[in-house]
Amino acid sequence: MTPEELHQRRDKERAKRSTEEDHLLCCTAAGCLSCGSEDVLHSLRDAVKTTEANVRVSGTGCLGLCSKGPLVKRESDGAFFGGLSPESAAALVPGRADLVDRQTLAEHRIEPTTPFFALQQRIVLENAGRTDPERIEDYILADGYEALSKAVTEMTPEEVLSEVKKSGLRGRGGAGYPTALKWELVAKQAATTKYIVCNADEGDPGAFMDRSVLEGDPHRVLEGMALAGYAAGASQGYIYVRGEYALAVQRLEKAIRQAERERILGNRVLDSAFAFQVDIRVGAGAFVCGEETALLASIEGRRGEPRTRPPYPPERGLFGKPTLINNVETFANIPPIIRKGGDWFSSIGTERSKGTKVFAVAGKIVHTGLVEVPMGTSLRTIVQDICGGVPGGGKLKAVLTGGPSGGAIPESLLDLPVDYESLSKAGSMMGSGGLIVMDDETSMVDVARYFMEFCMDESCGKCIPCRAGTVQMHDILARISRREAEPSDLEMLAKLATLLKETSLCGLGQTAPNPVVSALRYFREEFDEKLVKHPLAENTSRTASERRE
Amino acid sequence: MSVKTLKIDGEMVTGRAGETLFNVAWDAGISLPRLCHVGGLSDVGACRLCVVEVEGQSKLAAACVTPVEEGMVVHTNTERLREHRRLLIELLFAEGNHVCSVCVSNGHCELQDLAVQLGVDHVRLRYQHPKRGVDATHARFGLDHNRCIFCTRCVRVCDEVEGAHTLDVSGRGASLKIICDLGEPWGQSETCTSCGKCVQVCPTGALYLDGASVGEMEKNRRFLQYIVTAREKREWIRKG
Amino acid sequence: MDSQGLKPRLATIWLGGCSGCHMSFLDMDERLIDLALRVDLCSSPLVDVKEFPNVDVTLVEGAVANEAHVHELEIVRARSRIVVAFGDCAVTGNVTAMRNAFGVEDVLTRAYRSTSAVVVGVPDGADGMVPRLLPRVRPLHELVKVDYFLQGCPPSADEIYTFLNELLEGRTPTIRRFG
C-alpha cells in the first residue's frame with residue numbers, strides 16, 4: 001500500500017461512515033467479555049438486522065469503566081450504557097426502543113460528562129470507543145498508520161528520533177528511562193541486524209493496562225514498533241506477550257496479518273525502502289520474564305533468567321544484537337507523537353514527566369477500571385474524583401502503586417502528583433500502572449505479606465538474596481501476621497529488605513522489599529501492634545554471682 | 001590493549017580493559033568471597049558474595065561481572081559489605097539442608113569455610129528444611145539436592161568445558177532443582193560422559209564421588225586451569 | 001568472672017542431642033582436673049542434682065525437640081548468666097532437626113508403627129508419660145537468647161577446653177568452624 005492508497009482508504013471509509021445513522025461500540029476487552037459483552041454485541045447485531053436503520057455495530061477496546069460492564073458507547077451523543085443485558089442493549093438500536101421501556105434504558109445511561117470520563121485525557125486509549133480492534137480500516141480511519149506513512153515519506157530516521165526526544169516521553173514499563181535516549185543508543189550501533197522488542201509481559205497483580213491496549217488497539221502498537229524500527233535501523237520486531245493474554249495474542253495475530261496483507265508491514269513498508277516485520281512470542285507464565293534480559297533470554301529459547309547488565313540490550317541484546325526494548329504503552333504513545341509532533345506531547349504533563357499515564361484502578365473503589373490521566377494529576381483526583389472513592393462511605397487508607405515493586409502511599413499524601421520522581425520520593429514507584437486502593441479495614445501487614453509471597457513465588461532463583469531472601473521475608477511477615485514474631489524479627493526484616501535491595505541481581509529482587517519498606521515507613525504501628533515480646537528473650541533473673549552476694 | 005588504572009581498598013592497581021574487578025582484585029592479592037565464580041568458567045553473578053562498593057555509584061557491584069574502568073575507586077571490605085555477605089551465607093544455610101556433621105564435604109566445603117571466614121557463628125533466620133531428595137542412580141557420582149546452593153558451576157562446566165550440557169536448572173525460586181537431561185535420573189542420562197568435572201567444581205557436598213563418607217570428599221579443580229589454558233593458548237594444536 | 005574470690009559456677013545440660021558433646025567434654029581427660037580447680041560444676045547429666053541451680057555458665061547440648069526441652073531451656077536461661085549453645089544440635093538443629101522435613105506424624109509412624117514388629121504404643125505424648133514432640137526441632141537461639149555458639153559435632157575436646165579457657169580468662173572466644 002502506498003501512502004496515497006492509505007489516504008484513499010481512509011477517505012473511502014470516512015465517506016461510508018457519513019451515510020450511517022449511528023455507530024454502537026460494544027466493549028470487547030477482557031473485562032467486559034467476562035461479564036457477557038459478546039452476547040450484547042450479538043444482540044445488537046441481530047437487532048440491527050430487524051430494522052431499516054443504517055447503523056454500524058462494532059466491538060471496541062476497553063472503555064475503562066470495567067465495574068459497570070458490559071459497556072456500550074453510542075457515537076451520536078457520546079453516551080455510555082453500562083450493565084447491559086443482551087435484551088436491554090438491543091433497544092439502543094434506532095427504531096428498536098420498543099424493546100424495553102424508556103425508563104430502563106435511562107437507568108443504564110452514563111453521561112460522558114461524568115467525572116470518570118470527563119476528567120480523563122486519552123492519548124494511548126484514544127481509540128477505545130472509536131475503533132474496532134479487529135478491523136484495520138477502523139484504525140486507518142482514526143489516522144492510523146498516518147505517522148508511519150509520514151515518517152517513511154517525509155522524515156529521516158534522525159528526524160523521527162528528534163521528535164521523540166522533543167516529546168520527553170519516558171518508558172512506561174516502570175523505571176521511566178527516557179525513551180529517546182534508548183532509541184539513540186540503538187540507532188548509533190553499527191550492526192546491520194538490530195531488533196525491536198515490545199515487552200507485553202505485563203504481570204503485576206491487578207494491572208491490565210497493556211492488555212487493554214493490545215486487545216483494544218493492536219495496530220497502534222505495531223505502528224509504534226515500526227516507527228522505532230525506522231528510527232533505530234531495525235527491520236525485525238518481536239512482541240513478547242504474556243501467555244495468559246490469549247485474546248491479546250489473537251488480536252495481535254489478526255492485526256499483523258492485516259498489516260502484512262495491506263503491505264504496511266513487510267519488505268516495503270508503505271511502498272518505501274524500509275522493511276519491517278513483527279513476530280509474536282508467547283510467554284509461559286513467569287513474571288520474571290518481564291525483566292528485559294530475562295525476556296530476551298526467553299525469546300532466544302533459553303531459560304527465562306535475567307543476566308547482569310552491562311552490556312545493556314541496546315549494545316548487546318537479543319541474539320547478541322543491539323536491541324531496543326520498550327513497553328506496550330511506550331510504543332502506543334509513539335504514533336500520536338509523530339503525527340502531532342513532540343512539542344504537542346511535551347505540552348502535556350509535568351516538567352519531567354510528559355504525556356499521560358494509564359492506570360488500572362482496583363481494590364476498594366467505586367469505579368474499578370482503566371483510567372488515563374495527564375502526568376501530574378494528583379492521586380486524590382484519580383481515586384476520589386474519577387473513580388468515586390471508597391464504596392459504602394468507607395475510609396480510604398492508602399493507595400498502592402507499582403504492584404509488587406511499588407509501595408503504599410498513605411491517604412495523607414494523596415495530593416502527590418503522579419510523576420516518576422514524586423512517586424519514588426514517596427517510597428513507591430510509577431511501575432507499569434497498577435493502582436490498588438485500600439480502605440481502613442485492610443491490614444498493611446497482610447498487604448506486605450501478599451506482595452512478598454508474590455515475589456517469592458516469582459523469583460527465578462538465580463541469585464541468593466532474591467531466591468532465599470524473599471522466602472525469609474515472607475516467613476517473618478507471616479509470623480507477624482499470626483502474632484508470633486518478636487521485635488528482633490522486625491529488625492531482621494529491615495535488614496533483609498536492605499540486603500535484597502542492594503545485592504539482588506535484577507529489578508525483581510531489588511524492588512521486592514518496596515511494599516514492605518513503604519508499609520513500615522507509613523504504617524509501622526500496625527506491625528508493632530502485632531509483635532509479641534518473647535518471655536524468654538532476655539535473661540530476667542539477677543546473675544548468679546549477684547545472688548550469692 | 002588498553003590498560004585501566006583504578007584503586008581497590010586504597011591500592012593503585014591496573015587491569016586490562018574488559019577484565020573483571022574480581023580478577024584484577026585477585027591479581028592484587030585481594031580474594032573476594034565467592035561461590036558461583038570459578039576461574040575458567042563463564043561468570044553469572046549469582047551468589048552476590050563478591051559485591052563491592054564503587055565510589056560514585058549508588059548500587060553495589062558484583063565484582064565477577066563488573067568490568068574495570070579507569071579511575072574507579074573500589075572498597076571490598078566495608079562493614080556494610082561484611083554484613084551483607086554474612087546474611088547471604090545465613091540465607092544459604094537456612095534454605096537447604098546443610099547438615100555438616102553428616103556431609104561428605106565436612107571440613108572441605110567452600111560454604112562452611114566462608115561461614116567461618118565471615119564470622120557466621122549461628123543462623124539468625126528460620127531453617128526451611130525443604131524436602132529435596134538425593135539422586136544416587138549414577139554408578140560413580142551422587143547428587144544430594146539438599147546440599148545444593150544453585151551456584152550452577154556444575155551446569156557451566158558440563159556445558160562449557162565438557163560440552164555435554166547434561167546438567168541444567170529447572171523450576172524457579174524455592175523449587176529450583178539441578179536436573180539431568182530432561183529430568184531423568186542421572187544414571188539414565190544418555191548425554192552424561194561420566195567425566196566427573198561437575199563433582200570437582202561443586203563448592204559443597206551436593207555432588208560427590210560415590211562411596212565417599214563424612215568429610216572424605218575433597219575436591220580438586222586444577223584440571224580446569226590446564227584445560228582452559230590449553231584452549232586459550234591453543235597449546236594442543238600441533239604446529240606444522 | 002571470679003570477682004568474689006569464688007569459683008565461677010558451671011553447668012551442662014543435655015536436650016535433644018546424642019550426648020556426643022558430653023562425651024567430648026569428658027575427652028578433655030587430665031584437663032578436666034585443671035578445669036575442676038577453676039570452676040564449680042554445679043549441675044550436669046554427670047552430676048546428681050535435681051533442681052537446676054543459679055550458675056554463671058551453662059553449656060547446653062542438643063536442640064529443642066520436645067515440650068520438656070522448652071521447659072528446661074526456660075529454666076536454664078533464667079538461672080544462667082551465660083548460655084552457650086554447645087555443639088551443632090544446639091547451634092543449628094543438626095541431625096536432630098533432620099526430621100523437620102518430614103513432620104512428626106511421619107517420623108513416629110516410621111519409627112513405631114510401620115517398622116516395629118511388636119506394637120507397644122507410640123510415644124506421641126498423648127498419655128502424658130513422655131513429653132510431646134514439637135512440630136519442628138529448633139536451635140536454642142530461636143527460643144532464648146544465646147550468648148555463645150560452640151560449633152562441632154561434637155566440638156573436639158581441644159575446642160571445648162580452649163573455649164572455656166577463653167571464657168574464664170575473660171576473652172571472647174572466636175569461631176573456629178561452622179557446622
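The following conversation between a visitor and a guide looks at a predicted model and at the reasons behind some of the words used for it.

Visitor: What makes S2 and S4 of chain B edge strands?

Guide: The open sheet in chain B has five strands in the order S2-S1-S5-S3-S4, with mixed pairing. Strand S2 (11-16) and strand S4 (61-62) each pair on one side only, and they are the edge strands.

Visitor: How do you know that strand S3 of chain B pairs with S4(B)?

Guide: Pairing requires at least two bridges between the strands, and two bridges join strand S3 (residues 51-54) of chain B to S4(B), so the two count as paired, and they run antiparallel. In one of these bridges, B:Val52 has B:Ala61 as its partner in S4(B).

Visitor: Why is C:Val60 said to be in contact with C:Leu140?

Guide: The word applies because the C-beta atoms of two residues in contact, placed from the backbone, lie within 7 Å. Leaving aside neighbours within four places in sequence, the contacts of C:Val60 include C:Ile13, C:Phe86 and C:Leu140. C:Val60 is also listed, with A:Leu44 and A:Leu227, among the residues with the most contacts inside the largest nonpolar core, which has 287 residues.

Visitor: How do you know that chain B touches chain A, and which classes of residue lie on that side of chain B?

Guide: By that 7 Å limit, 25 residues of chain B are in contact with 24 residues of chain A. Helix H2 (residues 79-95) of chain B gives the largest share of the chain B side, seven residues. By class, that side of chain B has 16 nonpolar, four polar and five charged residues.

Methods: Residues are numbered from 1 along each chain as its sequence is written. Chains are lettered from A and ligands numbered from 1 in the order in which they are written. This is a predicted model: local features need pLDDT of at least 70, side-chain atom pairs count only at pLDDT 80 or more; totals for chains, interfaces and linings use all residues. Helices (H or I, at least four residues) and strands (E, at least two) are DSSP runs, numbered from the N terminus. Ala, Val, Leu, Ile, Met, Phe, Trp, Tyr, Cys and Pro count as nonpolar, Asp, Glu, Lys and Arg as charged, and the others, Gly among them, as polar. A nonpolar core is a set of buried Ala, Val, Leu, Ile, Met, Phe, Trp, Tyr and Cys residues joined through C-beta atoms within 7 Å. A residue is buried if 20 or more other C-beta atoms lie within 10 Å of its own, exposed if 12 or fewer, and partly exposed in between; C-beta atoms are placed from the backbone.
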